[in-house]
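Q: Could you take a close look at how the two domains of this protein meet, and then walk me through a few other local features?

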Amino acid sequence: MSKIYDVIITGARCAGTTLAIYLSRAGYRVLLVDRTEFPSDTLSTHTFFNNTTAILRELGVMDQLLETNTPSVRDIKFQFDDTVIEGVIPMVHGEDNCYCIRRTYFDHVMIEKARSEQNVTILEKFRVTGGLYDGDTIIGVKGLDTLGIEQQFRAKIVVGADGRSSTICKLAKSKLKAAEKANAAIFYGYYANFQKEDVPKFEVYKIKEHTAILFPTSDDLYVVIGILPLQNKAWIERIRTNPKSGLYDYLMGNFKNTTIPEHLRSAQLKEAIKGIVGYENYWYQGMGKGWALVGDAISFKDPSMAQGMHDAIYGARILSTVLSNHRDWNSQWEIMADEYQQLMEKEFMIRFQMGCQISKNEPITKQQAAMYKLIRSHPGLIQKFLGIYNYANEPADLEREMKNIIQP
């Protein structure tokens, strides 16, 4: 006989654990399952800004996350060809610290917090293989446990928080609403003996069609990321064939007029290079009869936006609010689905569209170069520009401020 819960969540990383915590506190019985065993790593930029810090403090996990001894960051630096824009990330919700905590630590803290909640049951190393249905409504999942034995679990709603290749998205046959193929290959590694700035910074460099991103992370390491267009096949093949020297040479050779060569000259790669060659920005329908999607399962945008963790955590918060506000789910699927979709698109669609544009990996245009030079020359514009990344303001706020300066 299958066990019955209010909510089954598949995927126990950012989105899944956040949703489990909020729903547990709202009084729902939650089953949280994941195919892996924690702690474990995952492909991720693992950076979040201070608006996300505020939510994590609300969840009650910041003290444990700070015990990872990951440095806090308040400054961010962009270089677009020869134009440098840098400053302090605007404060939001009383928070001014941002972090790049390794996912082995972050996800472990989150799942242990979820495990401590009264109404949450966690099942690791459980692989979902199919859904249970009542007509066209999903009413549960089936899968294999650690012994390879099939188990079935039922719930009022099944939530896919299971990433870019979401099983729940496929089982629900969710409608693809938007998609944009990225012209990008991304490779990254963890480096020790990195020659740091005097003040810890998030650093982003866009030189012609090449992009590099550098973040201080846990264990006194730096995440160093190289992003290049798919048509640059020679570099991609070189990095694939010899990742250690390939990524190093790519960064040293294509960012000569930046501080990257100085940063990396004595740096030592500590783990194998990770990466992804080609991906898609996408947005799916977020809810239907008996199911919902959250995190990368509903939407994925260019990783260089560094918004994935925030979208997963804040999106889970939105979903928990929608579910909590509608107690009779069976009679209100369409109402909830419409509400959830509108709230998610209002919160994240503009930055999704920005990610689609960035992932084209095109050289900076003359118009963009002039815009960056204008921003650099006005402190108010710098704050508006930096505030886009932590939701302190919207791109439209920057545009209005620029118009006021150009046409007073």
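A: Happy to help; here is the domain interface, followed by some details elsewhere in the chain.

This is a predicted model, in which local features need pLDDT of at least 70 and side-chain atom pairs count only at pLDDT 80 or more, while totals for chains, interfaces and linings use all residues. Residues are numbered from 1 along each chain as its sequence is written, and side-chain values use heavy atoms, with hydrogens and water left out.

Let's start with the division itself. Domain 1 comprises 4-41 + 102-175 + 285-359, and domain 2 covers 179-278; these bounds come from an automatic or database domain assignment. Taken over C-alpha atoms, the domain centres are 31 Å apart. Eight residues of domain 1 and 16 residues of domain 2 form the contact (heavy atoms within 4.5 Å). Together the two domains bury about 960 Å², with 52% of that on carbon and sulfur atoms; buried area is the accessible area (1.4 Å probe) that two parts lose on being put together, summed over both.

Now for the polar side of this interface. Two salt bridges cross between domain 1 and domain 2, where a salt bridge is a side-chain nitrogen of Lys or Arg within 4 Å of a carboxyl oxygen of Asp or Glu. On the side of domain 1 that touches domain 2, the residues comprise three nonpolar, two polar and three charged. For these classes, Ala, Val, Leu, Ile, Met, Phe, Trp, Tyr, Cys and Pro count as nonpolar, Asp, Glu, Lys and Arg as charged, and the others, Gly among them, as polar.
The side chains of D41 and K274 form a salt bridge, at 2.4 Å from N to O.

Looking at the whole structure, the search gives 23 salt bridges. One joins R317 to E58, with 3.0 Å from N to O. R317 sits in helix α9 (residues 308-325) and E58 in helix α2, so this pair ties together parts 259 residues apart in sequence. Helices (H or I, at least four residues) and strands (E, at least two) are DSSP runs, numbered from the N terminus.

Two backbone details may also interest you. The peptide bond from F38 to P39 is cis, with omega near 0 degrees, and P39 belongs to the loop between β2 (30-33) and α2 (50-59). K208 is not a glycine, yet its phi is positive, at about 55 degrees; K208 lies in the loop between β11 (201-207) and β12 (210-216).
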